[in-house]
Amino acid sequence: MADPVLAPEEHRDLAPAIAQALDLFSTPLPIEAANVRRGYLDLLGEEDPTGTHFGQRLMVSRALPLIYQRFWRPFGVRLLMGFTGPGTEEEHRMALSMLSIDPADRVLDVACGPGNFSRDFAHAASEGLVVGIDASASMLDVAVRETKSDNVAYIRGDASALPFRDSSFDAVCCFAALYLIEEPMRALAEVVRVLAPGGRVALLTSCSRGPLPASVTSPAVRRLSGVRIFDRDELKRALLDDGLVEVDQQVTGLAQFLSGRKPEVA
Ligand SMILES: C[S@@+](CC[C@H](N)C(=O)[O-])C[C@H]1O[C@@H](n2cnc3c(N)ncnc32)[C@H](O)[C@@H]1O
């Protein structure tokens, strides 16, 4: 009977970036589960961990990914960050600056959507590897179609159960997604787990402002849109509790950028 495990020598038949990503998996992938028919590695099949709220369903619809980068995201992020907040270009610059990617780095883009940030990271990690993971097949179809760099691998998987070994990546980004992910604190713990000592993290998500705490505003906003509002200190505290250092928070409108570094092992 054939060995059910995809051994490293069999990775050679796959796109090199997908083969490299597979080498980082904590559990070797059974051959029958290595579905790369659509240009990304599909770990979910019929499973859909994205949730049932309206905003969450939009992300896995066929239509939204087609207008996401040009129309939906610029408009949605403006609403979140306010009209004086950073525009799309500035946001990309901030992501690169927070992650300070070296050419040979391994970078993970969690909830990468159509790969709009993964492609930037591919230039910065020109001799390294970029892995974009997202649960939406239609987002990943766009990502695969629009990505020309051969150092990028896309994976359809759950941000709250990353398939990688501890300390696999030098930089991990999660932009505009934690507020949509069903289990954001699990996803955040996964981000920290897969970060290598000395590695950097960059997050963009929602942030509670004004007199009402997130415990009051978040359930109502979430019921309508699927978007969760985080308390101002909630995520910063979680990163510090997880042992990250140099944790920095920039709040703009109802959004926050967070960055931090995992300490080098003593
Ligand atoms: C608004 S998009 C963000 C895309 C990109 N990071 C950006 O900044 O434009 C949010 C993404 O989160 C993904 N997502 C939601 N829940 C997820 C989960 N549990 N695992 C992986 N991806 C998830 C959605 O499929 C969607 O592509």
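Biologist: Let's start at Asn 116: how far does a polar side-chain atom of this residue lie from an oxygen atom of the ligand?

Modeller: The separation is 2.9 Å. A polar contact is a pair of N or O atoms within 3.5 Å, so this pair qualifies. Do keep in mind that the model is predicted.

Biologist: Which residue offers a backbone N or O atom to a nitrogen atom of the ligand?

Modeller: That is Ala 111, with its backbone atom 2.9 Å from the ligand nitrogen. The side chain of Asp 158 also takes part: one of its N or O atoms is 3.0 Å from a nitrogen atom of the ligand.

Biologist: And how much of the ligand does the protein bury?

Modeller: Taken alone, the ligand exposes 600 Å², and the protein buries 98% of that. The ligand sits in the largest pocket.

Biologist: Which residues around the ligand come nearest?

Modeller: There are 21 residues around the ligand, and the nearest are Tyr 68, Arg 73, Ala 111, Asp 134 and Phe 175. By type, the shell divides into 13 nonpolar, 5 polar and 3 charged residues.

Biologist: Now for the rings. How many aromatic pairs does the structure hold?

Modeller: It holds 5 aromatic pairs. One of them joins Phe 25 and Phe 164, 5.6 Å centre to centre with 80° between the planes. Planes over 60 degrees apart count as edge-to-face, so that label fits here.

Biologist: Why does this pair tie together parts that are 139 residues apart in sequence?

Modeller: Because Phe 25 lies in the loop between helix 1 (16-22) and strand 1 (41-42), while Phe 164 lies in the loop between strand 4 (152-156) and strand 5 (169-175).

Definitions and conventions
Residues numbered from 1 in each chain as written. Predicted model: local features only at pLDDT ≥ 70, side-chain atom pairs only at ≥ 80, totals over all residues. Heavy atoms only, no water. Near = heavy atom within 4 Å. Polar contact = N/O pair within 3.5 Å; in protein donor to acceptor, adjacent residues only side chain to side chain. Areas by Shrake-Rupley, 256 points an atom, 1.4 Å probe, with all protein chains shown as cover. 1 Å grid on protein atoms, 1.4 Å probe; cavity = no way out; pocket = protein on both sides within 12 Å on 5 of 7 lines; lining within 4 Å. Sits in = over half its atoms within 2 Å of the grid points. Nonpolar A, V, L, I, M, F, W, Y, C, P; charged D, E, K, R; others polar. Phe/Tyr/Trp six-rings, centres within 6.5 Å; stacked < 30°, edge-to-face > 60°. Helix = DSSP H or I, 4+ residues; strand = E, 2+ residues; numbered from the N terminus.
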